[in-house]
Structure formats: C-alpha cells, structure tokens
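Hello,

Here is the structure I promised to pass on to you. Have a look at it first, and my notes on what turned up follow below.

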Amino acid sequence: MSDVLVAFASDNNYVPVLSVALASLVAHTNPDRHYKIYILENAISAGNKNYLSELASANNIELLFADAHRTLASYAQSAFYLRGKYSVSIYTRLFLPNIISNERKVLYLDCDTLILRDVAELYDTELGDNYVGATRDLTIACAANPWLPPSYQTLGITSRHDYFNSGVLVLNLELMRKDNIIDRFLETVQKLKNTFYPDQDVLNVVCAGRVKFIANNWGVFGGLLFNRAAFAPQFVDSVASAIHEPYIIHYVGQGFPHTERVSMCSEEYFHYALKTRYGRDMLNKLQRKLNMWKRRLLRYAIASKLTFGRFSRIETKLAQATECYARLNKRWKKLDGLPFSL
Ligand SMILES: [Mn+2]
C-alpha cells in the first residue's frame, strides 16, 4: 500500500499546538501503513525539532522538516494580503505543490486540530480530476451566521454550499503542478486583495468546480455551538452525524480547549495534550483564565445589584458560568493527576 503523506505548517511559537495534533494523529495510525509527515516550518528551534521527532518516533512514522519560510520569502511580501492576527504563514498551504515537489498527493492539516481517527482513510480519498478534497465550511454553508461576511458571494461562488474550509485538505499535487496552480493562486491574491479568509478564499476561487466534498466528520468545528435549526435541511443529518462522531476536530477561531470555557471534546484534547510536554502548562493557563473569568463575573453581578438593585442579565450569566464551571471541573477530575483545586 502507498505511503500516507501528511503536512502541517508551523512556526516556533505554534509548536505546542502542533504537538497535540501530532500526538493525536500518531495515536490513531495503522501499524500496517507507513506515514510520512512533513512539517513545513518557519524557524522552529533545533530543540523543538528534536522534540517533535521524539513524539513521532514510531517505526511506521517518518517526520521530515521542509523550510517553508524560504519559499515564502522568495516572493515579495506585498504579494500577500493579511488581516487581523494572520501571519504570512497561512499562505504556506498554497505552495505545497512546490514545497513537496516530489510527491503526488498530500493531506494538509491545520495545527489547530485534534485527530481521532486514522488519517490514512482520508488520505485514500479518490480525487479524480479534482484539485482538492475538503469539507464544506459549516459556518458559511449551512448556518445562518449574521456576524460573518458572505464570503462566497463576494468571491463569485454561486452557492454557499460549495464553499470549503481550508484546515483539512487532500491535495492533488500532481495535477496542481501540471496546471501551474501556484501562478493562479498568486494572480488571485492580487485580484481579491484583502478578503476575509485570505488563503481560504483564494483556494475556493481557484479550485471552484474541482472540489471533492468529503464527510464533515473530517472537519468538525470545535469552538462553535451549532443550532440545529440553522442548517439547510439537506445537511442536518450529516452535520448531526459529524458532531456525534467527529474524526477530526478543527478548533477554528478561538475555540481551543486550553483557552476557552466551553469547547468540543475538551477531555480528549487534554488526553493528548498531556502526552506532550506542553499539556500541563496549557491546563495551568486555563485554570487561571477560568478563575479570572469567574471573579470578573462575580464583580459585575455585585456592581449591578448595588447600582440597579437587581442582578439583571448578569445574574443569568453568572448562573450559567457557575454551572459550566462545575461541569468542566467534574470532567477534569476524571483525568489523571491534574493540578486542580477549583
Ligand atoms: Mn485552523
């Protein structure tokens, strides 16, 4: 059977997050397959590289580092548009056909993912004449999210069901090279200028019509709570199944279990995080954040009571916070050896 090729992109600061994704991927590998994992790196320290290699030291896994920074630096920085806290490294995935120039196909994964199933299955997806295999972006495709810009419309994509998320991608590198797709990516970056999801929008425009949509179980958004009623009827079942049985959780936006109060599969996340040397630190930070959040809400509630003679909505919030806090505390107690005294 062929190798399973996977790529992550990370700089030195993102190594803890990458480590959790990597630990979870390694825990779900098939001993009969060989996994070749590329880290498209931007200035990762020698110590961190050694550590990542240790994490992926099983016999059937090979970890390789590719210098993505050099590739990106070879283009004028004005070639890339950025918004908010994005760094130019989000564009790394567009250059995969060049960075991994000797491979036919690769599974690209964002670092903000938790892998709960063997990715070989996803890698084996037949792409045919398509450039990419990807999941529908649920926030755009299905949910009525008034706070999100209607990217698909401004991009000239006719149906919002055809807009995909770029965090989990099976890429047809061979075909992309044959069609000089990187040139088209760069032209499109210039044409679109500052769009909302820079790299993802470019991929959607260039690959439109050549996308194999894969089951949403391979890219469940972990930081968002979905309202069943918000989904288009034809997606309700597949979305429900994906949430019920996620294969890959993608912590889009600010949805990380180690920074958020409520996040999907927090227990599983910490199960793998604690297999890395960063897990304990992540837990400590979360505990501090929760304590701060609880104190702040309490202060608001008292201030509201003193000022208006009632708790108003803050009281409801505090009740919710306390309940959520208790629930998380109960869950965490099930994990081994945690430093909690909530
Ligand atoms: Mn992501």
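In strand β7, Val168 is the bridge partner of Leu109 from β4. Please keep in mind that this is a predicted model. The pairing of β4 with β7 (residues 164-171) is antiparallel and runs over four bridges. On its other pairing, β4 is joined to strand β1 (residues 4-11) by two bridges, and these two strands run parallel. Here Val6 has Leu107 of β4 as its bridge partner, and Ala7 has Tyr108.

Strand β4 itself (residues 106-109) is worth a click through its side chains. Val106 and Tyr108 point one way, Leu107 and Leu109 point the other way, and all of them are buried. That fits a general pattern: in a regular strand, side chains alternate between the two faces of the sheet.

Stepping back, these strands belong to an open sheet of seven, in the order β3-β2-β1-β4-β7-β6-β8, with mixed pairing. The edges are β3 (61-67) and β8 (211-213); each has a single partner strand, so one side of each is left without a neighbour in the sheet. On average, neighbouring strands in this sheet are turned by 30° against each other, ignoring direction.

There is also an open sheet of three strands, ordered β5-β10-β9, and its pairing is mixed as well. At its edges stand β5 (113-115) and β9 (220-221), each with a single partner strand, so each has one side without a neighbour in the sheet. β9 and strand β10 (residues 248-250) run parallel and are joined by two bridges. If you want a spot to zoom in on, Phe221 stands opposite His250 in β10.

Now to the helices. Helix α1 (residues 15-26) lies across β1, β3 and β4, and runs at about 165° to β1. What does α1 do with helix α12 (residues 266-273)? Their axes come within 8 Å and cross at roughly 95°, which makes α1 roughly perpendicular to α12. The residues that meet are Val20, Ala23 and Ser24 in α1 and Tyr269, Tyr272 and Ala273 in α12. By class, this contact has five nonpolar residues, one polar and no charged ones.

Helix α10 also lies across strands, in this case β6 (132-136), β7 and β8, running at about 60° to β7. Its packing with helix α9 is another place to look: α9 (residues 181-192) and α10 (residues 198-207) pack at an angle of about 120°, with their axes 9 Å apart. The two helices are therefore oblique to each other, and α9 passes α10 in a right-handed crossing. On the α9 side, Ile181, Arg184, Phe185, Thr188, Val189 and Leu192 make the contact, and on the α10 side Asp201, Val202, Val205 and Val206. The residues of this contact divide into seven nonpolar, one polar and two charged.

Finally, a few overall numbers for your notes. The protein has 14 helices and 10 strands. Of its 342 residues, 39% count as buried. Among contacts with a separation of 6 or more, 79% are between residues 24 or more positions apart.

Happy browsing, and best wishes!

Definitions and conventions
Residues numbered from 1 in each chain as written. Predicted model: local features only at pLDDT ≥ 70, side-chain atom pairs only at ≥ 80, totals over all residues. Buried ≥ 20, exposed ≤ 12 C-beta atoms within 10 Å, placed from the backbone. Pairing = 2+ DSSP bridges. Axes fitted to C-alpha atoms, helices over the stretch in contact; angles between N-to-C directions. Parallel < 35°, antiparallel > 145°, perpendicular 65-115°, else oblique. Left-handed = near helix turned anticlockwise from the far one by under 90°. Contact = placed C-beta atoms within 7 Å. Nonpolar A, V, L, I, M, F, W, Y, C, P; charged D, E, K, R; others polar.
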